[in-house]
Amino acid sequence: MSIVLSAMDWWQMLGHFLSLSLLAVGGAIATAPDMHRYLVEQQHWLSQSQFSASMALAQAAPGPNLLFIPLMGWNVGVNSAGGTASGMAAWPWGLLGVATSMVGMLLPSTTLTLAAARWGHRNRERLGVRAFKSGMAPIVIGLLGATGWILSHAQDRAGNNWPLWLLTIAVTLLVWRTRIHLLWLLAAGGLLGWFGLV
Amino acid sequence: MSMRPSSKSDLFWSFSWLALQGFGGVLAVVQRVLVEEKQWLSREEFVEDWAVAQILPGPNVVNLSLILGDRYFGTSGALLAMAGMLFFPLLIVLAMVLLYSGVADQPQIQGALRGMGSVTAGLITATGFKLLPALKNNPIGQKLSWLFVAWGFVAIALLRIPLVWVLLSLGGLSCTLAYRALRQVRAPATGTRAKP
């Protein structure tokens, strides 16, 4: 895929990521639908298959799941330099895309988080701050359970893959009750999937 | 807080190592390493910081790394912890784009991703279970806070209500109850102080 991006377009992309940053309540993944709408449908800077591949690769890589964002920036940058056919000549543009997307996505939320966390820590004895933290604690624990539930559903697309559910339940019990290293479990899950057992 | 990072480089490398172990989500690793192994945080402190990181906009684990890094070493600590969380994973994911863009459609790769995804689901659920005891001393009482856990799960997992609304409604109710409970604890204390 090859596209033409003017300097104005780069600023617009930065502006879009800046505006999404403060909307990412509940994690970066919450902004994925809007990125699809903007980058794929509206601007045609990113192909559908590049969008899907960015999501899948970010899932497979270690680290926070926001990594799909710099991957999309990378793809847009490479597209603007003539696509993957341009080889290494497109890399600087890919890196510009990475920088644009990361700065846009992180600058507003980072600034707000630091300011809010400091205010909260200075005022940690205040009734309101203590009530907020202890009141929200049960909700976010429930949210962890819900995230696990939704992730299991997302893996089981056909809706009848009981070995996948069994694997999730087994891992839940093992991590909850033992101190087994998490990387062993991930490797085991990867192998079971590789050989088509789950 | 019994322990803390010994230096800024300890902070950076600790978060880098955490991030590199987190396939499909870093939170389970953060809980395991920072609370259980390094003991930089108690379970209760972790739940409170996680609540703040989760509710503020932005990527949750990045918010958490900012909050913790800032507490230990100020602004530079916050930025170092965030850099640790992001730098090496970013390099790896970019290398993956360059090397493996052709193999994403292979059924084995798809299968491995599916298997690892199911493991991740278990890791996150287990982290939730491990944090439940932190609610023992919650001002609204253990029973009521467990009820809020259940309601939160039902609202998000089963009813699929958007997170913002759940935080505003259930979270608002829970915080109000906590506020009233904390005020009742504090009120008699100020009363005794007023006496000569």
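Domain bounds here come from an automatic or database domain assignment. The model is predicted: local features need pLDDT of at least 70, side-chain atom pairs count only at pLDDT 80 or more, and totals for chains, interfaces and linings use all residues. Residues are numbered from 1 along each chain as its sequence is written, while chains are lettered from A and ligands numbered from 1 in the order in which they are written.

**Exercise 1. Get the layout of chain B.**

Step 1: start with the secondary structure. Helices (H or I, at least four residues) and strands (E, at least two) are DSSP runs, numbered from the N terminus. Chain B has 7 helices and 0 strands, so to speak an α-α-α-α-α-α-α pattern along the sequence.

Step 2: grab the domains. The assignment splits off domain 1 (1-102) and domain 2 (136-196), and their C-alpha centres are 28 Å apart.

Step 3: check the overall box. Along the principal axes, the C-alpha atoms of chain B fill roughly 75 × 45 × 25 Å.

**Exercise 2. Work out which face of helix α1 of chain A is buried.**

Step 1: test the helix length. The expected span is 1.5 Å times one less than the number of residues. For the 15 residues of α1(A) (residues 7-21) that gives 21 Å, and the end C-alpha atoms are 22 Å apart, which agrees.

Step 2: sort the residues. Buried means 20 or more other C-beta atoms within 10 Å of a residue's own, exposed means 12 or fewer, and partly exposed is in between, with C-beta atoms placed from the backbone. A:Met13, A:His16, A:Phe17, A:Leu20 and A:Ser21 come out buried.

Step 3: look down the axis. The buried residues of α1(A) fall within an arc of 140 degrees, so they line one face of the helix. The arc is that of the directions from the helix axis to the C-beta atoms. On the other side, A:Ala7, A:Met8, A:Trp11 and A:Gly15 are exposed.

Step 4: find the cover. It includes α2 (32-42), α4 (68-80) and α5 (91-122) of chain A.

**Exercise 3. Describe the surroundings of B:Met85.**

Step 1: place the residue. B:Met85 is found in helix α4 of chain B, and it is buried, with 29 other C-beta atoms within 10 Å.

Step 2: list its contacts (C-beta atoms, placed from the backbone, within 7 Å). Not counting residues up to four places away in sequence, B:Met85 touches A:Pro64, B:Phe15, B:Ala19, B:Val61, B:Val62 and B:Ser65.

Step 3: compare sequence with space. B:Met85 and B:Ser16 are 69 residues apart in sequence, yet 5.3 Å apart C-alpha to C-alpha.

**Exercise 4. Follow the core and the contact between the chains.**

Step 1: find the core. A nonpolar core is a set of buried Ala, Val, Leu, Ile, Met, Phe, Trp, Tyr and Cys residues joined through C-beta atoms within 7 Å. The largest one has 118 residues, and B:Val93 and A:Leu67 are among those with the most contacts inside it. Helix α4 (residues 60-100) of chain B supplies the largest share of this core, 16 residues.

Step 2: zoom in on B:Val93. Leaving aside neighbours within four places in sequence, its contacts are A:Leu57, A:Ala58, A:Ala61, A:Leu67 and A:Leu71.

Step 3: count the contact. It takes 90 residues from chain B and 80 residues from chain A. On the chain B side, α5(B) gives the most, with 22 residues.

Definitions and conventions. Contact = placed C-beta atoms within 7 Å.
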